[in-house]
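Here are a few warm-up exercises for getting to know a new structure. Try each task yourself before reading the solution.

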Amino acid sequence: MADRWVLVHPPLLGPAVLGPLAGELRRRGAEVAVPDLRGLVQDPASAGPSAAGWDRRWAAAADPADVVVAFSGAGIVLPAVAAACGARRAVWLDAVLPPGSGTAEWPETVRGLVAPLVADDGRVADWTTWWGLDAMTGLLPDERVRAAVLAEGHRLPADLWSVGVAVPPLTAAPRYVHLSPAYDADAAAARERGWAVAGDGRGAHLDVAIDPAGVAALLT
């Protein structure tokens, strides 16, 4: 029986960015799900924009899986999601690495980047607009993939980056896949924990969409 994989998109993006990688893993014989978790960021009990409890909602939505892969900002909730999935393996894919226990906080660099992008309505600008009008063409050269990612653009509650994320004990075998220089520190921290680390960090963060075959090789 083929392993069941769950790919977890980051809060700032939707599942489309992981579509090419999911397709490549399926071609290699895996059963792959890429759930759309965007709607679970907003706290349903709050009258205004609030991400309170978003990590618990994401974990609760997890389906059973053998392998859970968290991309980018999704790495901060991977221990909780992996535990909820009953996964045997947990893979941080160029992703934020939380502490081994306790409560994870977003990196100061991320909070500093987001702060000037908060609008008067308490939400942050759609990530696909952060880098200028033409930037997405360079970041995602494939027109179909780019269109799919842009179609999933959304605005998050600004308090997402001030909400601490509970880190349960890691129950799955960990692995880190290092794609880009932006995650050098996270990959180094994974090595310090004695984890297996694949990749040299010399590629691009969006290689998940640009070079899915290369990324799949690092995952498997």
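**Exercise 1.** Find out what covers the buried residues of helix α1 in this predicted model.

Solution. Start with the helix: α1 spans residues 19-27. Next, pick out its buried residues, which are P20, L21, A22, G23, E24 and L25. Now look at what lies over them. The cover includes three strands, namely β1 (4-8), β2 (31-33) and β4 (89-93). Helices join in too, among them α6 (143-151), α8 (207-210) and α9 (212-219). Finally, step just past the end of α1: there you'll meet G29, with a positive phi of about 105 degrees.

**Exercise 2.** Work out in which order the six strands of the open sheet are arranged, and which strands sit at the edges.

Solution. Walk across the sheet and you get β2-β1-β3-β4-β7-β8, with parallel pairing. The edge strands are β2 and β8 (196-198), since each of them pairs on one side only. How much are neighbouring strands turned against each other? On average it's 20 degrees, ignoring direction.

Now zoom in on one pair. Strand β3 covers residues 67-71 and runs parallel to β4, with five bridges joining the two. For a concrete example, take V67: its bridge partner in β4 is R89.

**Exercise 3.** Describe the largest pocket: its volume, the residues closest to its centre and the make-up of its lining.

Solution. First, the volume: about 660 Å³. Then the lining, which counts 27 residues; S72, W127, A182, Y183 and H205 are the closest to the pocket's centre. Which helix gives the most to this lining? That's α4 (residues 108-114), with three residues. Last, sort the lining by class: 21 residues are nonpolar, five are polar and one is charged.

**Exercise 4.** Decide whether T103 is buried, partly exposed or exposed, and say why.

Solution. Begin by locating T103: you'll find it in strand β5 (residues 102-104). Its relative accessible area is 47%. Buried would need a value under 20%, and exposed one over 50%. T103 is therefore partly exposed, because 47% lies in between.

Which residues does T103 touch, leaving out those up to four places away in sequence? They are G164, V165 and V167. To finish, check the spacing between T103 and A187: they are 84 residues apart in sequence, and their C-alpha atoms are 20 Å apart in space.

Note on methods. Residues are numbered from 1 along each chain as its sequence is written. This is a predicted model: local features need pLDDT of at least 70, side-chain atom pairs count only at pLDDT 80 or more; totals for chains, interfaces and linings use all residues. Side-chain values use heavy atoms; hydrogens and water are left out. Buried means under 20% relative accessible area, exposed over 50%, partly exposed in between (1.4 Å probe, protein chains only). Helices (H or I, at least four residues) and strands (E, at least two) are DSSP runs, numbered from the N terminus. Contact means heavy atoms within 4.5 Å. Two strands pair if DSSP finds at least two bridges between them. Axes are lines fitted to C-alpha atoms, for helices over the stretch in contact, and angles run from 0 to 180 degrees between N-to-C directions. On a 1 Å grid over the protein atoms alone, a cavity is a set of points where a 1.4 Å probe fits but cannot get out, and a pocket is an open set with protein on both sides within 12 Å along at least five of seven lines; lining residues have an atom within 4 Å of a point. Grid points are joined across faces, edges and corners, and a volume is the space filled by probe spheres set on the points. Ala, Val, Leu, Ile, Met, Phe, Trp, Tyr, Cys and Pro count as nonpolar, Asp, Glu, Lys and Arg as charged, and the others, Gly among them, as polar.
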